[in-house]
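Trainee: Could you pick a single part of this model and take a close look at it with me? After that, I'd like to hear how the rest fits around it.

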Amino acid sequence: MLEKTFEPKAAEPRIYAQWEDSGLFVPRAAKPTDGAADAYSIVIPPPNVTGSLHIGHALNNTLQDILARYHRMKGKAVLWLPGTDHAGIATQMVVERKLAAEGNIGRRNMGRDAFIEKVWEWKAESGGTIVRQLRRLGSSCDWSRERFTLDEGLNAAVRKVFVQLHKDGLIYRDKRLVNWDPHFQTAISDLEVEQKEVDGAYWHFAYRLSDGVTYQHPVAFDEDGKATEFETRDFIVVATTRPETMLGDTGVAVHPEDERYKGLVGRFVTLPITGRRIPIVADDYADPTKGSGAVKITPAHDFNDFGVGKRARLEALNVMDAFGRITAADTPDVPAEYEGMERFAARKAVVARAEEEGWLREIEKTRHMVPHGDRSGVVIEPWMTDQWYVDAKVMAQPALKAVEDGATVFEPKSYEKIYFEWLRNIEPWCISRQLWWGHRIPAWYGPNGEIYVAETEEDAREQALSDYDSEVVLTQDEDVLDTWFSSALWPFSTMGWPEKTEDLERFYPTSDLVTAADIIFFWVARMMMMGMHFMDGEVPFKRVIINGLVRDEKGQKMSKSKGNVIDPLNIIDELGADPLRFTMAILSGTRDIKLSKQRIEGYRNFGTKLWNAARFSQMNEARRVEGFDPATVQQTINRWIRGELTKAERQVSDAIEGGRFDDAAGALYRFIWNVFCDWYLELAKPVFNGSDEAAKAETRAMTAWTIDQTLKLLHPVMPYITEELWGELGKEGAARDSGRDGLLMGETWPVLPDAFVDASAEAEIGWLVDLIGEIRALRAEMNVPPSAKPPLAFVAPDAATAERIARHRDLILTLGRVSELAVVEAAPAGAVTFVSGGATVALSLAGIIDLAAERARLEKEIAAFDADIGHVNKKLGNPNFVSRAAAEVVDEQRAKLAEAEEGKARLQAALKRLESL
């Protein structure tokens, strides 16, 4: 007999060990009859080796595991390939902090080789945390194939790709602007930049026109905006939030159609402090409606200015070093007093100088977004530096066409727009990072600055011999590759490329990729580019399933500072993995998933409901019977549940195939809770307790068979509780003739025939279910005490209905909690009537409820709903509230209104019924 409750804390580690020991995580052996459709593969988005399981991982990996378990049960050879990312900047930071905490010298004093050795030591000790946590979630990855983006095989693949792209002219070295982190002294990707709103200011500076030039500047306007008064000016006003960058200004831009400045285009201003003569240029970037309409241009320290500088052929002067300190290395006209000054100290110094010399015209306080390094927390500096780049524009074209032509599809399709938008406007991809931990760039420099790109130093020396008569000292590039570079090769490098491996032959291209929207361009698009370039034009995956972002129950982003983070490991400790997984699945259909612990607790109750149903079935001797064939059942309820199970199987299968995990979970919930537990087992109780032995035996066998099929359907979503039930229920009744090691995970997915749906049984039980549901709803509306059993009558039913009443009399009396069941010509006095299945039904309530008190209760509750409706309508009718409140707050109020209106309508209907008595 099953224990009273399922104990996940004890069961989950034992069950997971059984799964691993069974070998079922490894793809099944190939069969001679296998075709491409018999393999299913998916690569895990590699989490950072420094990471711990967060709620986003729980969502993403639950959905992947559902797919892997489903296709495995469908008989396919399934490869779910796991691994972790070396996470360059994050890992280097973790190890540097650890060394500092232990009192060690810094990495620069330690030296590169010694530091890298320390990182590998840390990885061996602590780098497997998230992999262990993924196991706790129930992830059925093939751990024997686990990869790491810095392992030897992937390192070889990275070097080969770099060298080949360089030969193809698609990797090159260039001096361009990058996001520079002065703390780590490295370029970082846009994904590693966090925009923070901070207090700041626009400092308005007057730049003096050179060569004695003056112009008429409008100072007053009529109602139509036409200038009516002018003043003579010998300066032009610009505004900036970063005064220190003016030391690197090489131009001032105005809009070509701005009448105020048309006569100044081609003239010059003299830059304060430096005395540098810089031109006024025309460019659409300048917005005549903002500020003065004139913009200072610092090409080496602003991304927009860099573009203006290229179009106007302005010089780019770097006035900061790698630490964010002022330097005159590029330009001698920066005064010596600023040399080596920290950038924010320089800001104060420039503003003080402007005020002192009279060219500071205004300080306009503001709050604005400023980029910060997500790891270092310091303000990011756009900085001009030599870096390695991929010609992403060229590589993007096949990747674009593949999605346009449907070779790879996005689910939901709307995310293709993000993909197209980024690839059609793609910029060169900066792939070098000034770090030590990562794939070191396979480029060597000769004594005279020659660059030799090769997979090995030996190959580089061979190249150098073409330039030198003898061996020379070569120095390898100090930089490492962007982490996303090695991740872009993940689908094929993890399967053994550049070797022609069996895994590549069998599992590439992969079937699905499940990932988040925020890395469509950082990762998905780059995998498409690399995959198509190196795998003979084949896409790396046929479908991309985008999962949503998990937020708190109010729709707010989770953060430690807000105290609203839900830790999946705490949830697993307290409630088990299954409730968390089911919640992730059933909520996965929205872009923003509103999650609360209460929701997860609710789905734990769902698991408990299933457990109790199995226990009830055991108590009623429902066991598998040798040779039982569900196609031959005679009892109406058994033919009905067979058809309902068949429909549920179709719904779940179609939903998982379509990547609609919420629909799959919803279909499972409805069938298990609403159909099987609430109705079938209730309808079976009289049979179990009756004297018809044939009906009893058939219903017991049908119940056991239905539970087995249900466990199979639920297993991909809730693997632990279903595996435990499968094993425990397998100890009784006839032996099962399939599976591997007796595990549900190795069972075959049920595919039930259409003939299992029985229209007559569906109509018969549907009539009964609807009737009982109406009775229960009416009792609740009228506040009928649970202990009360009012009489029920059918008013002049037709012959078919009369026969149904006779067949199901006992069930109606029991489940409807009514004292008697009659057929009458007219509704009795004091009865409330309703229509069910085309028949008029009367429930007699006179003497059972206090009509006056009930009327007063309903009127009071309707008034309360009216007050709520009025309050919410007032809010929603306020344009300021609708325009200023957060979208989730407005949506919450609209949902409240709909709920209140529905509740009011329900009570009004009840009051109307009451008044008819």
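**A close look at one hairpin**

Mentor: Happy to! In the hairpin formed by β12 and β13, 6 residues lie between the strands, and Ile 273 takes a positive phi near 70°. Before going on, please keep in mind that this is a predicted model, in which local features need pLDDT of at least 70 and side-chain atom pairs count only at pLDDT 80 or more, while totals for chains, interfaces and linings use all residues. Residues are numbered from 1 along each chain as its sequence is written, and side-chain values use heavy atoms, with hydrogens and water left out.

Strand β12 covers residues 268-270 and is joined to β13 by 3 bridges, the two running antiparallel. Strands (E, at least two residues) and helices (H or I, at least four) are DSSP runs numbered from the N terminus, and two strands pair if DSSP finds at least two bridges between them. Within this hairpin, Val 269 stands opposite Ile 278 of β13. Strand β13 (residues 277-282) also pairs with β11 (residues 251-254), this time in the parallel sense, over 3 bridges. There, Val 254 faces Ala 282 of β13. Both senses have one basis: strands of a sheet pair through backbone hydrogen bonds, either parallel or antiparallel.

Now let's turn to other sheets. An open one has 4 strands in the order β6-β5-β16-β18, with antiparallel pairing. Its edges are β6 (186-188) and β18 (429-430), each pairing on one side only. Strands β5 (residues 171-181) and β16 (residues 381-390) share 10 antiparallel bridges; in β16, Thr 385 is the bridge partner of Arg 176. Another open sheet has 3 strands in the order β21-β20-β22, again with antiparallel pairing. Here the edge strands are β21 (451-453) and β22 (475-476). Strand β20 (residues 443-445) pairs with β21 over 3 bridges, and Trp 444 stands opposite Tyr 452 in β21.

What about the interior? The largest nonpolar core has 206 residues, and Tyr 419, Phe 485 and Met 530 touch the most other members. A nonpolar core here is a set of buried Ala, Val, Leu, Ile, Met, Phe, Trp, Tyr and Cys residues joined through side-chain atoms within 4.5 Å. Buried means under 20% relative accessible area, exposed over 50%, and partly exposed in between (1.4 Å probe, protein chains only). Helix α21 (residues 661-689) gives the most to the largest core, with 17 residues. A second, separate core of 42 residues includes Trp 180, Trp 203, Val 238 and Trp 383. Back in the largest core, leaving out residues up to four places away in sequence, Tyr 419 touches residues including Ala 399, Phe 410, Ile 520 and Met 528; contact means heavy atoms within 4.5 Å.

Charged residues deserve a look too. The whole structure has 62 salt bridges, each a side-chain nitrogen of Lys or Arg within 4 Å of a carboxyl oxygen of Asp or Glu. One of them links Glu 724 and Arg 14, whose closest N and O atoms are 3.0 Å apart. Glu 724 lies in helix α23 and Arg 14 in helix α1 (residues 8-22), so this pair ties together parts that are 710 residues apart in sequence. Glu 724 counts as buried at 13% relative accessibility, whereas Arg 14 counts as partly exposed at 39%.

Glu 723, also found in helix α23 (residues 719-729), makes an instructive contrast. Glu 723 is buried yet has no salt bridge, and the nearest side chain of opposite charge, Arg 69, is 5.6 Å away. For that count, Lys and Arg are positive, Asp and Glu negative, and His and the chain ends are not counted. A polar atom of the Glu 723 side chain does lie 3.1 Å from the backbone nitrogen of Met 745. Leaving aside neighbours within four places in sequence, the contacts of Glu 723 include Ile 15, Trp 19 and His 715. As for Arg 69, it is linked with Asp 65 and Arg 581 in a network of salt bridges.

Two further pairs round things off. Arg 147 and Asp 151 meet at 2.9 Å, N to O; Arg 147 is buried at 18%, and Asp 151 is buried at 19%. Arg 461 and Glu 471 form a salt bridge with closest N and O atoms 3.4 Å apart. Arg 461 is partly exposed at 24%, while Glu 471 is exposed at 55%.

Conventions
A polar contact is a pair of N or O atoms within 3.5 Å; within protein, one must be able to donate a hydrogen and the other to accept it, and residues adjacent in sequence count only if both atoms are side-chain atoms.
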